[in-house]
Amino acid sequence: MTREEVVAKMIEYAAMAFQANAANINENTNIAEELGVASTQRVAMSASIENDFDVMIPVARFGNYKTIGELADFVMEEM
């Protein structure tokens, strides 16, 4: 899977978890500032990523990734 495909999946999961319009999300989107910090939404996004990519993202670590692109890079490294 290419990085672009992973970024597209991250955008899809972010849109579902944060109930946002995917068209307004890109790899530079700041997750906390632009989408929110609700733990339930982060858990939902983490669960989608973990299920689809078979990687583990502890909820406490999720906040370390500021942008969608940083999160995608982490997933790429773990795949």
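This is a short tour of helix α1 and its surroundings in a predicted model.

**Stop 1: helix α1**

Select residues 3–18, which make up helix α1. The end C-alpha atoms of this helix are 22 Å apart, and that agrees with the 22 Å that its 16 residues should span at 1.5 Å a residue. Just after α1 comes Gln 19, where phi is positive, near 50°.

**Stop 2: the buried residues of α1**

Now colour Val 6, Val 7, Met 10, Ile 11, Tyr 13, Ala 14, Ala 15, Ala 17 and Phe 18, which are buried residues of α1. What do the buried residues of α1 pack against? Show α2 (31–35), α3 (39–53) and α5 (68–78), since these helices are the answer.

**Stop 3: α1 against α3**

Two packed helices are described by the angle between their axes and the distance between the axes. Keep α1 and α3 on screen: their axes come within 9 Å and cross at roughly 145°. This crossing is right-handed.

To see the contact, select on the α1 side Val 6, Lys 9, Met 10, Tyr 13, Ala 14, Met 16, Ala 17 and Phe 18. On the α3 side, add Gln 41, Arg 42, Ala 44, Met 45, Ser 48, Ile 49, Asp 52 and Phe 53. Sorted by character, the residues of this contact are eleven nonpolar, two polar and three charged.

**Stop 4: Lys 9 and its two partners**

Select Lys 9, a partly exposed residue with a relative accessible area of 26%. Which side chain in α3 meets Lys 9 in a salt bridge? Asp 52 does, at 3.9 Å from N to O. Asp 52 belongs to helix α3 and Lys 9 to helix α1, so this pair ties together parts that are 43 residues apart in sequence. Asp 52 is partly exposed, with a relative accessible area of 39%.

Next add Glu 12, which also forms a salt bridge with Lys 9; here the closest N and O atoms are 3.9 Å apart. Both residues lie in helix α1, three residues apart, about one turn of the helix. An α-helix has 3.6 residues a turn, so residues three or four places apart point the same way. Glu 12 is partly exposed, its relative accessible area being 37%.

**Stop 5: Arg 3 and Asp 73**

How many salt bridges does a search of the whole structure find? The search finds four. One of them can be shown by selecting Arg 3 and Asp 73, whose closest N and O atoms are 2.6 Å apart. Arg 3 lies in helix α1 and Asp 73 in helix α5, so the pair ties together parts that are 70 residues apart in sequence. Both ends are partly exposed: Arg 3 has a relative accessible area of 25%, and Asp 73 has one of 31%.

**Stop 6: Asn 30**

Finally, go to the loop between α1 and α2 and select Asn 30. Is Asn 30 buried or exposed? Asn 30 is buried, because its relative accessible area of 17% falls under the 20% limit. Leaving aside neighbours within four places in sequence, show the residues in contact with Asn 30: Leu 35, Lys 66 and Thr 67. To place Asn 30 relative to an earlier stop, draw a line from its C-alpha atom to that of Glu 12; the two atoms are separated by 15 Å, and the residues are 18 apart along the chain.

Methods: Residues numbered from 1 in each chain as written. Predicted model: local features only at pLDDT ≥ 70, side-chain atom pairs only at ≥ 80, totals over all residues. Heavy atoms only, no water. Helix = DSSP H or I, 4+ residues; strand = E, 2+ residues; numbered from the N terminus. Expected span 1.5 Å × (residues − 1). Buried < 20%, exposed > 50% of the residue type's maximum accessible area, 1.4 Å probe, protein only. Contact = heavy atoms within 4.5 Å. Axes fitted to C-alpha atoms, helices over the stretch in contact; angles between N-to-C directions. Left-handed = near helix turned anticlockwise from the far one by under 90°. Nonpolar A, V, L, I, M, F, W, Y, C, P; charged D, E, K, R; others polar.
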